[in-house]
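Student: Could we go through this structure together, with the reasoning spelled out at each step?
Tutor: Yes, let us put it on view and begin with the cysteines.

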Amino acid sequence: MNLAQTLWMVLSDLWADRSRTALSLLTLTLMSMGYMLLAGFAESMRLFSEQAAGRRDLVMVERGVLDPMNSKIEATLIEGIRPWVEGEGARISPCQFRHMRIEGQLVQLRGCPLEDWQAVHHLQLAQGAWPASGEVAITEGASRSTGWEIGDHLVIYGTSFTVSGTVRASGIKFLAVWMSLEDSGRLFGATDRYQVVMIQAAPKTDSEQLRAAIESQPSLAGLFDVMFLEALFNRYTEVVRGLLGASQTLALAAITLIVLGSYQATRLSLEERSRSVAILRVTGFSEGQLHSVLQLRSLWMLTLAFLVGAILATGLLGYANHVTPLQVQSVQLDVRLTLPLLLLGYPLSLVCAALGTWISARSLLKQTVAEALR
Amino acid sequence: VTTVMVMGIREMARRWRLALACLLLVTVPVGLFLSLRLFLSGMRAEYSRISPGLLVVQTSDSMGEIYGSRLSPQTDLQLRQLGYEDPIPAIQDIAGTTITNSVLLRGVDLLQYPALDEFQVLAGQQLELSSQPRSAMIGYRLAEARGLAVGNLISLRGRDFTVTAIFKTGAYLDNQAWISLADAQALFNYQQDVSVYIIPDDGPLRAGDTLPGGLVISQRGEMIRQIGEEYLSVVNFMGWVVQIMTVATVAMLANILWRLAWQQRRELSLLRSLGFGAWTPGLYLAAQALAIVLPGSLLGVLIAQTVGKEVIQHIAGFGLDTRFEPSALLSAGALSLAILLLGIAVPLAWFRRFDLAELLRSE
């Protein structure tokens with residue numbers, strides 16, 4: 001029997017028992033969906049916790065603080081090192097940084113010099129305009145999560161600001177409100193104090209050398225840490241590592257459930273068809289050939305279930321991201337099904353399905369033809 | 001009834017591998033559902049304690065009940081002018097450089113702090129006016145996490161404090177270290193500043209009021225409750241996974257029961273012709289479903305109690321007191337019942353389509 005005939009036989013078999021096939025498909029589809037949702041969740045956590053930043057981006061914070069919000073860097077210190085740092089070809093951008101409740105939402109407030117937003121902070125304007133005095137820009141994630149729109153007025157620290165635009169930031173999707181350093185200095189009555197200072201090394205500079213050189217500047221007196229932005233991200237995202245491990249384990253557990261789904265689909269079919277199987281064996285089908293037919297049957301079902309599951313999961317995640325976005329520590333997690341996830345999940349599911357089929361078929365095909373016919 | 005049920009269970013026992021596969025699948029939604037309930041109840045118990053009679057004065061838009069607020073002694077004067085005789089100062093901050101080595105820290109007024117939160121001293125001597133400087137009371141969870149006992153040293157921002165007592169409140173405070181206000185002011189370089197003032201809710205100020213200088217009044221505990229609620233979106237997401245896995249379980253159970261009943265259709269129709277009632281197929285299916293769902297659900301409870309609890313301790317960042325509430329167990333029971341009934345409904349509806357004569361002819 002050639003491959004086309006085998007395929008036709010398998011499809012006919014599935015169609016002949018379409019009600020049972022439908023229920024088995026439903027089980028496998030939902031199991032695939034369970035894996036996809038959990039894997040998408042785990043992936044968003046992984047991307048968040050392994051956030052990479054440019055190797056030229058350095059950040060300075062006060063030594064010994066957990067949250068950059070608690071860091072204090074006097075403007076005089078920065079002005080003291082500015083000529084030397086800029087002499088090395090680097091850009092220096094002092095910022096004020098706070099976690100705040102604005103209109104009931106916990107967000108980050110970042111006050112940085114407007115001229116550095118694109119060059120140093122890698123912001124892109126998504127909609128609207130860059131803010132003027134008395135205006136702020138919000139990240140796309142903040143807009144989606146809070147429903148704030150361009151033209152809305154936000155009361156921040158007792159002062160009303162107009163949202164002039166939405167910005168897109170590479171890296172972690174913090175729910176953030178951005179304003180100019182002048183505005184934030186006026187707002188908090190602290191024009192001479194920052195929380196973090198971003199330093200962007202010149203393209204061909206040795207960033208590590210620059211980092212070490214700044215940190216050891218005598219004027220900083222060992223009171224500040226200068227680190228790669230990535231290191232600060234890692235410190236910040238440590239909180240979700242537990243959630244990442246748990247979600248990865250759950251995703252793995254979900255995919256192994258396919259063994260059970262595939263097992264029951266094959267087992268039920270074989271139990272009801274013991275005579276048909278015996279007749280096939282009488283007509284010359286070997287045990288190996290029957291295993292192959294069953295594996296092909298399982299592969300068909302799993303492939304269809306995986307495809308339908310992927311479509312449904314994508315729709316569900318799109319809906320979830322829109323209606324109830326996942327939010328942890330003022331960071332919006334965009335849960336998406338990525339191609340690598342599907343490319344990893346499909347063969348894994350196939351292996352699980354093949355295992356389930358093999359376990360269920362093994363004992364039944366061990367029967368003698370006479371036993372099966374009885 | 002017994003005959004039909006025994007027949008159903010015996011048939012299922014003969015197909016124990018299939019039953020086991022379905023039983024394991026039942027375990028998943030029940031275990032996951034209960035784990036989520038454990039997490040939620042833990043969060044509610046520890047992060048939703050509103051102190052009804054107390055207000056917190058803090059910097060506007062800060063998270064003063066954890067960190068980020070700083071008030072000068074001027075605020076104390078302001079409050080006294082408003083008629084509050086004795087505003088209770090406190091410093092709330094986080095010591096440490098990473099999440100793993102961080103400690104939630106509270107600087108307390110040694111005279112008044114026992115009136116703010118109920119606590120039980122598990123070991124040692126609570127902080128008093130006569131306590132030595134650099135003494136600390138620590139929550140029992142912090143003590144467990146760091147392996148600390150009374151008399152040991154705990155390093156806070158690079159300075160060693162002696163643990164004088166270990167306390168328990170049953171709330172997130174069990175992850176905190178309490179030191180005297182003066183020590184906290186020195187530790188964080190606050191001079192005479194504090195983080196918050198706590199005042200009784202019987203004066204002119206109400207939650208939501210503001211004061212000049214960017215101050216806001218809020219109900220004590222409200223901020224912590226809001227932070228706890230940040231995890232709700234994760235719980236909701238996982239809730240969807242539970243629902244999907246529940247439907248998958250129902251579909252698998254229905255498929256198994258349906259096909260087993262189909263294989264036994266002649267026997268069932270014979271029973272009916274012998275005088276057994278029309279309920280026979282329902283009872284037969286119910287017995288088989290029960291043989292799968294009941295042990296599956298019990299296994300789910302066991303998994304939530306062991307694995308679920310352990311996972312929750314890791315994902316919450318700080319320890320959570322997780323214990324089953326009766327309502328959680330009842331809800332899990334309802335979920336299992338729903339799986340059982342829906343699993344029976346499909347094969348039963350199918351079975352009812354055939355009359356007795358048709359079923360008897362089926363061989």
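Student: Is B:C22 buried or exposed?
Tutor: This is a predicted model, and every value below is computed from it. The relative accessible area of B:C22 is 0%, and a residue counts as buried when that value is under 20%. B:C22 is therefore classed as buried.

Student: Why is B:C22 too far from the closest cysteine sulfur for a bond?
Tutor: A disulfide requires two cysteine sulfur atoms within 2.5 Å. The closest cysteine sulfur to that of B:C22 belongs to A:C352, a residue that is itself buried, with a relative accessible area of 9%. No bond is possible because the distance between the two sulfur atoms is 18 Å.

Student: Which cysteines form a disulfide, and how many disulfides does the count give over all chains?
Tutor: A:C95 and A:C112 have their sulfur atoms 2.3 Å apart and form a disulfide, and with 125° about the S-S bond the link is right-handed. A:C95 lies in strand β3 (residues 91–102) of chain A and A:C112 in strand β4 (residues 105–112) of chain A, so the pair ties together parts that are 17 residues apart in sequence. Both A:C95 and A:C112 are buried. The pair is thus A:C95 and A:C112, and the count over all chains is one.

Student: What area is buried between chain A and chain B?
Tutor: The size of an interface is often given as the accessible area lost when the parts come together. Here the contact draws 55 residues from chain A and 50 residues from chain B, and carbon and sulfur atoms give 69% of the buried area. That area is about 4,900 Å².

Student: How many salt bridges does the rule find across the interface of chain A and chain B?
Tutor: On the side of chain A that touches chain B, the residues divide by class into 31 nonpolar, 14 polar and 10 charged. For polar contact across the interface, with both residues at pLDDT 80 or more, the rule finds one residue pair. For salt bridges across the interface of chain A and chain B, the number found is zero.

Student: Which elements of chain A each supply at least two residues of the side that touches chain B?
Tutor: The interface with chain B has one residue pair in polar contact, both at pLDDT 80 or more. On the side of chain A, the elements that each supply at least two residues are α2 (18–49), β3, α8 (241–272), α10 (287–323) and β13 (326–328).

Student: Which residue meets A:R91 in a salt bridge?
Tutor: Side chains of opposite charge can pair when their charged atoms come close. The partner of A:R91 is reached at 2.8 Å, N to O, and the pair links distant parts of the chain, with A:R91 in strand β3 of chain A and its partner in the loop between β4 and β5 (123–128) of chain A, 25 residues apart. A:R91 is partly exposed at a relative accessible area of 35%, whereas the partner counts as buried at 5% relative accessibility. That partner is A:D116.

Student: In which helix do A:E208 and A:R211 both lie?
Tutor: A:E208 forms a salt bridge with A:R211, their closest N and O atoms being 3.2 Å apart, and both belong to a network of salt bridges that links A:R63, A:E208, A:R211, A:E215 and A:D225. A:E208 counts as partly exposed at 38% relative accessibility, while A:R211 counts as buried at 17%. The two residues are three residues apart, about one turn of the helix, and the helix is α6 (residues 207–215) of chain A.

Student: Which backbone nitrogen does the side chain of B:T169 reach?
Tutor: B:T169 is found in the loop between β7 (159–168) and β8 (176–180) of chain B, where it is buried with a relative accessible area of 11%. Leaving aside neighbours within four places in sequence, B:T169 is in contact with B:R49, B:E118, B:F119, B:D174 and B:W178. At 3.1 Å, the side chain of B:T169 reaches the backbone nitrogen of B:A171.

How values were computed. Residues are numbered from 1 along each chain as its sequence is written. Chains are lettered from A and ligands numbered from 1 in the order in which they are written. This is a predicted model: local features need pLDDT of at least 70, side-chain atom pairs count only at pLDDT 80 or more; totals for chains, interfaces and linings use all residues. Side-chain values use heavy atoms; hydrogens and water are left out. Helices (H or I, at least four residues) and strands (E, at least two) are DSSP runs, numbered from the N terminus. Buried means under 20% relative accessible area, exposed over 50%, partly exposed in between (1.4 Å probe, protein chains only). Contact means heavy atoms within 4.5 Å. Buried area is the accessible area (1.4 Å probe) that two parts lose on being put together, summed over both. A salt bridge is a side-chain nitrogen of Lys or Arg within 4 Å of a carboxyl oxygen of Asp or Glu. A polar contact is a pair of N or O atoms within 3.5 Å; within protein, one must be able to donate a hydrogen and the other to accept it, and residues adjacent in sequence count only if both atoms are side-chain atoms. Ala, Val, Leu, Ile, Met, Phe, Trp, Tyr, Cys and Pro count as nonpolar, Asp, Glu, Lys and Arg as charged, and the others, Gly among them, as polar.
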